[in-house]
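Subject: The model for you to look at

Hi,

Here is the structure I promised to pass on to you. Have a look at it first, and then read on for my notes.

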Protein chains: 2
Amino acid sequence: VYHALVDRLSIPSARGDYAVVVGRGLLSALDETIDREVGRRAHSVATDRTVGALYGRRAAAGLGCGLIELPGGEPDKAWPAVERLCQRWLADGLDRRAAVLALGGGIVTDTVGFAAAVYLRGIDWVAAPTTLLAMVDASVGGKTGVNLPEGKNLVGAFWPPCLVLVDVETLQTLPDRELRAGLAEAVKTAWIGDNELLGLLPPAGDVTFPSMPADAWCELVVRCIRVKADIVADDEREAGARAALNLGHTLGHALEAATGYGRFLHGEAVAWGLLAAGRLARERQLLSAGRHADLVEAVARLGPVPGIADMDPDLIIRHMVHDKKKGAAGIGWVLPTDRGVVLDQHVDITDVVAVIQHYQEAGFSPSHP
Amino acid sequence: VYHALVDRLSIPSARGDYAVVVGRGLLSALDETIDREVGRRAHSVATDRTVGALYGRRAAAGLGCGLIELPGGEPDKAWPAVERLCQRWLADGLDRRAAVLALGGGIVTDTVGFAAAVYLRGIDWVAAPTTLLAMVDASVGGKTGVNLPEGKNLVGAFWPPCLVLVDVETLQTLPDRELRAGLAEAVKTAWIGDNELLGLLPPAGDVTFPSMPADAWCELVVRCIRVKADIVADDEREAGARAALNLGHTLGHALEAATGYGRFLHGEAVAWGLLAAGRLARERQLLSAGRHADLVEAVARLGPVPGIADMDPDLIIRHMVHDKKKGAAGIGWVLPTDRGVVLDQHVDITDVVAVIQHYQEAGFSPSHP
C-alpha cells in the first residue's frame, strides 16, 4: 500500500495534546495510522453520502466497523443528526471508551465532533477532513457544534479530536470550486501569521489539485494548520487572540446568512469579507497601498465567486449585527495591517455599507479587481 | 432580610474551582450572594413549574431577569427542553459571557446545566438545588445531561457550575416522600466516606424537615457534599474511584427503568439497591453481621418505599445488563464493606436474582426489615 506521512504537528489543548498528521494516501492505512498515533482503533465511521461513496465505505470495511452516512447539507447540521449518531452508536454497543471517526468536510466534522462531545458525556473521536476548508480550518481548534433555526453553530462544545488525520489525496475528488473556496482561508491564514503562504498558492489561472504536486498541498495545509494551532493554543476558549481567525468572517457570515446559505460556499463569502476588510483597513491607513494590492491579488487569483450586486446592504448589515462574535456595541471587524491584523470593535455601519456598495457599483468580482 | 451562610466548600474541577455555599434563606439574597461568591450576576432563571411558583418567580423578579419554567417531569428531560432554553436565551440576548441560574431538582439542574454546556459552546451557570437529592448528589460533580428514548443521561457533558447555592430552607416545601428518598443517598454517602453521617439522620418515625433544626440539615448536606467532592476531585471524568458513588445504583437504576420511571423516586430505588448490595456483600463475607445490621437499620428508618414483589426478576436483570456503567462482562456491583466499598465487576446473575427473590418472597419492605 502506497502511503506517506509528510508532516506531524502536536496541538496543545485543555483535554491534552493531540496530533495532526498530514500525508498522502493515509486513508488506505487508516487502522494502522490511528493505532500508531493514538494506540487505539475506531469503532464507527460517520460521513456524508458523497464522501461515503468515495471513501467512507472502503474506510469502514477496512476498519471492520459500522458506517453512518449523514445527508451532508447545511440544513442537516442540526440536533436530529446528533441524536441519530448517538442512537446508532448505542445500537452498535459503543461505550464511553469507544472512539469514532468523522470523515468529510466541516459539516461532518462539526456534527460528528459534537455528537462525540455529548455521547455518554464525551467519547474520543478522530477527524479525517476531506475538504481543503476542513483541513485548514475546521479540524483544528476543537470547535464542534450544530445550527439552531436562529443561526449557525449556536449549540456546540469545545471538544478536540484525539487525532486529526489529513490525507491530501482526498483533494483529488474535491470539486474545483470547493478547492478555490478553501484557499480563501489560506489567504486569511497568510495574513494572520505566515506571509510566505502567499507564495505557496497554486498558479493563477490553474487553481486545481493537479496544478501542484501532492507534497506542495501537504506543505500548504501544514503551514495553515500551524498558524491556527499557535493561535488556539494561546486561546482555546476564544477569549481574545483567537478573534484574529475571524478576519474576513464578519461580512462572510452575513453574506452566507443573508442568502440562506444557498449562494456562497463559506470560503467564497470569506473572499468577499477579505476584500471588504482590506478596503476598510486601507481607508483607515492600517494597510499600505502595496500590501492592500497583495491582498486583493491573492484573493483575485483564486478565481470568480458568486456576486453580491443584487443584495440589499441593509439586510447584510442586519445579519452582521446579529453575528454572535460582535462586541456589545458597534460592529467588530478584524482588519488586516501590513504586519498582521487588528481588531476594531466599533466600525461605523455607514462605512460598512459604503464598502458593500462600492463593490456592488463597481460590478467588481474577486476574479477581476 | 434574614439569611445566613452556614458553610462553604471549594470544589476543584478541570474548568477551575467552584464554590458550594450552604445556608438558610440564601434565596432571599440571591443577587448579593452570587455577586459576592463569583463577582457576577445571573441573566436568566430556569426552573420547573412547581419550583417556579414556590421560589422561581420571586427569584427572577429579585434578579431582574427572565424566567423559564420547564414542565419538570422525567420525560421532559430531553433535547427539546435544551433547545427551548437556548432559543429563549438567544431571544433574551444572552451572549457567551452570560450566566444562568438553574433552580430546582436534579431534572432541572441536569437539563439547564447541559443547555449551559452547549449554548454558544458553553456559558457559566449557577446551580441552586431545591431537593435534598439534588443538594447532596446532582449539584456536585459536574455531570449534566438529558435522556434519549433509549435511556437516561445518554447525552450530556461534564460542565460544572461556577457556583452551587444550597438554601436548605427550600426543603420546607419538599414533600416528605422526596425528603426521605434523598436521605437514601445520604446513607449511601455515609458508607462511602463518612460514617458519622448515620448519626445525623432525622429521628426514626419522624423523617420530616421540622424534626431537626435547619442548621442540622445544613450539616448533613455539607458532609454529604464533602464526601462526593473528595471523590470527584480525584476522578472528575469517572475513570475509577467515582464508581464508588454507584453504591446502590446497579439495582436502583434497573428498578427505575423496569417500571418506566413511574413507581420509584430515584432515592427509593437506591434504598432497595443498598439493601441488595448489603446482602450480596454479607454473602461474600465482605460485611460483618453488625455492619450489615447498621446498613439495614439506616435504610429502614427512612420509612416505607414502593414494593418490588410483583416485578419480574428477569426484566430487572435485563435493565441491569444494559446499565451503561457495567463492565465488559458480568454485572458490576459496588459492594459495601465494614470500612467502605469495593467494586466487584463480575457478580453472578443467579446471585442477583436470588437476592431480588429473597426480598420479594420475604414480603420485605425497607420500613420493616
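Let me start with a helix that is easy to pick out: helix H2 of chain A, residues 49–63, lies across S3, S4 and S5 of chain A. Its direction is at about 170° to that of S3(A). Please keep in mind throughout that this is a predicted model.

Helix H4 of chain A, residues 106–118, lies across S3, S4, S5 and strand S6 (124–129) of chain A. Here the angle is about 165°, taken to S5(A).

**The sheet in chain A**

The sheet under these helices is open and has seven strands, in the order S1-S2-S9-S6-S5-S3-S4, with mixed pairing. At the edges stand strand S1 (4–11) and strand S4 (66–70) of chain A; each has a single partner strand, so one side of each has no neighbour in the sheet. On average, neighbouring strands of this sheet are turned by 20° against each other, direction ignored.

Some of the pairings are worth following in your viewer:

- Strand S3 (residues 44–48) and strand S5 (residues 99–104) of chain A are parallel, paired over two bridges; A:Val45 has A:Leu101 in S5(A) as its bridge partner.
- Strand S2 (residues 18–24) of chain A runs parallel to S9(A), and five bridges join the two; A:Val20 is opposite A:Val164 in S9(A).
- S6(A) also runs parallel to S9(A), joined by two bridges, with A:Val126 opposite A:Leu163 in S9(A).

How much of strand S9 of chain A is buried? Of the five residues in this strand (163–167), five are buried. In a regular strand, side chains alternate between the two faces of the sheet. S9(A) shows two such sets: A:Leu163, A:Leu165 and A:Asp167 point one way, A:Val164 and A:Val166 point the other way, and all are buried. Note that A:Asp167 is among these buried residues.

**Chain A as a whole**

Chain A has twelve helices and eleven strands. Its radius of gyration is 20 Å, close to the 21 Å from the globule rule for 369 residues, so chain A is as compact as a globular protein of that length. The C-alpha trace of chain A spans about 55 × 40 × 35 Å along its principal axes.

Of the 369 residues in chain A, 61% are buried. If you take the contacts in chain A between residues at least 6 apart in sequence, 70% of them join residues at least 24 apart. The accessible surface of this chain is about 13500 Å², and carbon and sulfur atoms account for 51% of that surface.

**The nonpolar cores**

In soluble globular proteins, nonpolar side chains tend to be buried together. The largest nonpolar core in this model has 222 residues, and the residues with the most contacts inside it are A:Trp333 and B:Trp333. A second, separate core has 22 residues, including B:Leu30, B:Ile34, B:Leu67 and B:Leu165.

What does B:Trp333 contact, leaving aside its neighbours within four places in sequence? Among its contacts are B:Thr250, B:Leu251, B:Gly273, B:Met320, B:Asp344 and B:Val352.

**Chain B**

Chain B also holds an open sheet of seven strands, in the order S1-S2-S9-S6-S5-S3-S4 and with mixed pairing. Its edge strands are strand S1 (4–11) and strand S4 (66–70) of chain B, each pairing on one side only. From one strand to the next, the twist averages 20°. Strand S5 (residues 99–104) and strand S6 (residues 124–129) of chain B run parallel and are joined by six bridges, and B:Ala99 has B:Asp124 in S6(B) as its bridge partner. Helix H2 of chain B, residues 49–63, packs on this sheet and touches strand S3 (44–48), S4 and S5 of chain B. The direction of this helix makes about 170° with that of S3(B).

Two residues of chain B deserve a closer look. B:Asp110 sits in helix H4 (residues 106–118) of chain B. With a relative accessible area of 12%, B:Asp110 falls under the 20% cut-off and is therefore buried. Beyond its neighbours within four places in sequence, B:Asp110 is in contact with B:Lys77, B:Ala138, B:Lys143, B:Thr144, B:Gly145 and B:Asn153.

B:Leu26 lies in the loop between strand S2 (18–24) and helix H1 (30–38) of chain B. Its relative accessible area is 1%, so B:Leu26 is buried too.

Happy viewing, and all the best

Notes:
Residues are numbered from 1 along each chain as its sequence is written. Chains are lettered from A and ligands numbered from 1 in the order in which they are written. This is a predicted model: local features need pLDDT of at least 70, side-chain atom pairs count only at pLDDT 80 or more; totals for chains, interfaces and linings use all residues. Side-chain values use heavy atoms; hydrogens and water are left out. Two strands pair if DSSP finds at least two bridges between them. Helices (H or I, at least four residues) and strands (E, at least two) are DSSP runs, numbered from the N terminus. Axes are lines fitted to C-alpha atoms, for helices over the stretch in contact, and angles run from 0 to 180 degrees between N-to-C directions. Contact means heavy atoms within 4.5 Å. Buried means under 20% relative accessible area, exposed over 50%, partly exposed in between (1.4 Å probe, protein chains only). A nonpolar core is a set of buried Ala, Val, Leu, Ile, Met, Phe, Trp, Tyr and Cys residues joined through side-chain atoms within 4.5 Å. The radius of gyration is taken over C-alpha atoms; the globule rule is 2.2 Å times the number of residues to the power 0.38. Accessible areas come from the Shrake-Rupley method with a 1.4 Å probe; for residues, only the protein chains shown count as cover.
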